[in-house]
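Colleague: Could you take me on a close look at a single part of this model, and then show me how that part sits in the whole? I would enjoy one connected walk-through.

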Amino acid sequence: LRDPEFAVDVAFIQAGTARTKDGDGLYSLGDMYHEPLWIFYREAALGISDNLLDLKGKRIAVGGPGSGTQHLAMELLAANGIDAKNSKLIEVGGNDLLGRLQRNHFDAVFVVGPTQSSLVWSLLYAPGVRLMSLTHAEAYTRRFPYLTRLVLSRGAIDLTQDIPPQHIQLLSPMATLLAREDT
C-alpha cells in the first residue's frame with residue numbers, strides 16, 4: 001500500500017504488524033474480525049502447559065518469514081525472555097505443521113487464523129497435540145493493546161468429543177482494513 005507503483009488500493013493487515021510512518025497516506029477503515037493466535041504443542045514435550053515460559057529451551061515454529069504470525073510470536077516470546085539464544089525458533093508456517101509436529105520436528109507451533117481453518121481444525125483433533133490456554137492472556141492485552149483476550153468455551157468445537165476439554169484463553173489481533181488516502 002505504501003508503494004504507489006503497486007496496484008493495490010485497500011488491504012487487510014493483522015493489527016500490530018505495521019507501524020505508521022510520517023506521510024503514509026494510509027487510513028484505517030476499521031477493524032473487521034478477530035484472527036486468533038493458536039499455540040499448539042506436543043503433550044509429550046510439555047505435559048500440560050498454560051504458560052509461554054514453558055516454551056523456553058524448546059523447538060518452536062514461529063510462522064513463516066515476515067508473516068503476521070511470526071511478528072506476533074516473536075513479540076510474545078520476547079516478553080517472556082525467550083529468544084534464539086535459549087530456544088530454537090524455526091521460521092516456518094503452513095499446512096504441513098501438523099505432520100511435522102507429530103514427527104517431532106517441533107515442540108510447539110504458533111498459528112494465526114480462524115477456527116474454521118483446516119490447519120487449526122486438524123491440530124485441534126490431533127492425538128498427542130494440545131492447545132495452550134494462556135493463563136496470562138489479560139496481562140498480554142495490557143502490554144500489547146492491539147490484542148484482545150478471547151475464550152474458547154469447553155466443548156465449543158465438538159460437544160461429543162469435548163473439544164476443547166476446558167475453557168481456553170486465547171489472544172487475538174484484529175484484521176484491519178487499510179486504504180490509500182486517494183482511494
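**A close look at Arg42**

Modeller: Happy to! Arg42 is placed in strand β3, which covers residues 37–42. Please keep in mind that this is a predicted model. Is Arg42 buried or exposed? With a relative accessible area of 16%, Arg42 is buried, because the cut-off for that class is under 20%.

What does Arg42 touch, once residues up to four places away in sequence are set aside? Its contacts are Arg59, Leu101, Asn104, Phe106, Asp107 and Gly128. There is also a backbone approach to look at: the C-alpha atoms of Arg42 and Val129 are separated by 4.7 Å, although their positions lie 87 residues apart along the chain.

One of the residues that Arg42 touches deserves its own stop, namely Asn104. Asn104 belongs to the loop that links α3 (97–102) and β6 (108–112). Its phi is near 70°, which is a positive value in a residue other than glycine. At 37% relative accessibility, Asn104 counts as partly exposed, whereas Arg42 is buried.

Staying with strand β3 (residues 37–42), you may like the aromatic side chains. Trp38 and Phe40 form a stacked pair, with 6.2 Å from centre to centre and 10° between the planes. Both partners are buried, Trp38 as well as Phe40. The structure holds three aromatic pairs, and the one formed by Trp38 and Phe40 is among them.

A little further along the chain comes Asn51, in the loop between α1 (43–46) and β4 (59–61). Asn51 has 15% relative accessibility, so this loop residue counts as buried. Leaving out residues up to four places away in sequence, Asn51 touches Asn80, Met132 and His136.

Another loop is worth opening in your viewer, the one between β8 (148–152) and β9 (168–172), where Pro164 is found. The peptide bond that leads from Ile163 to Pro164 is cis, with omega near -5°. Asp162 is in the loop between β8 and β9 as well. The phi of Asp162 is near 55°, again a positive value in a residue other than glycine. Asp162 counts as partly exposed, at 25% relative accessibility.

Now let us step back to the whole chain. The protein has five helices and 10 strands. Its radius of gyration is 17 Å, close to the 16 Å that the globule rule gives for 183 residues, so the protein is as compact as a globular protein of that length. Along the principal axes, the C-alpha atoms fill a box of roughly 55 × 40 × 30 Å.

How much of the protein is buried? Buried residues make up 46% of the 183 residues. Among contacts between residues at least 6 apart in sequence, 73% join residues at least 24 apart. The pairing of Arg42 with Gly128 is one contact to inspect with that figure in mind.

At the surface, the protein exposes about 9600 Å², and carbon and sulfur atoms supply 51% of that area. As for charge, there are 17 positive and 20 negative side chains, and the centres of the two sets lie 10 Å apart.

Key
Residues numbered from 1 in each chain as written. Predicted model: local features only at pLDDT ≥ 70, side-chain atom pairs only at ≥ 80, totals over all residues. Heavy atoms only, no water. Helix = DSSP H or I, 4+ residues; strand = E, 2+ residues; numbered from the N terminus. Buried < 20%, exposed > 50% of the residue type's maximum accessible area, 1.4 Å probe, protein only. Contact = heavy atoms within 4.5 Å. Rg over C-alpha atoms; globule rule 2.2 N^0.38 Å. Areas by Shrake-Rupley, 256 points an atom, 1.4 Å probe, with all protein chains shown as cover. Lys, Arg positive; Asp, Glu negative; His and termini not counted. Charge placed at Lys NZ, Arg CZ, Asp CG, Glu CD. Phe/Tyr/Trp six-rings, centres within 6.5 Å; stacked < 30°, edge-to-face > 60°.
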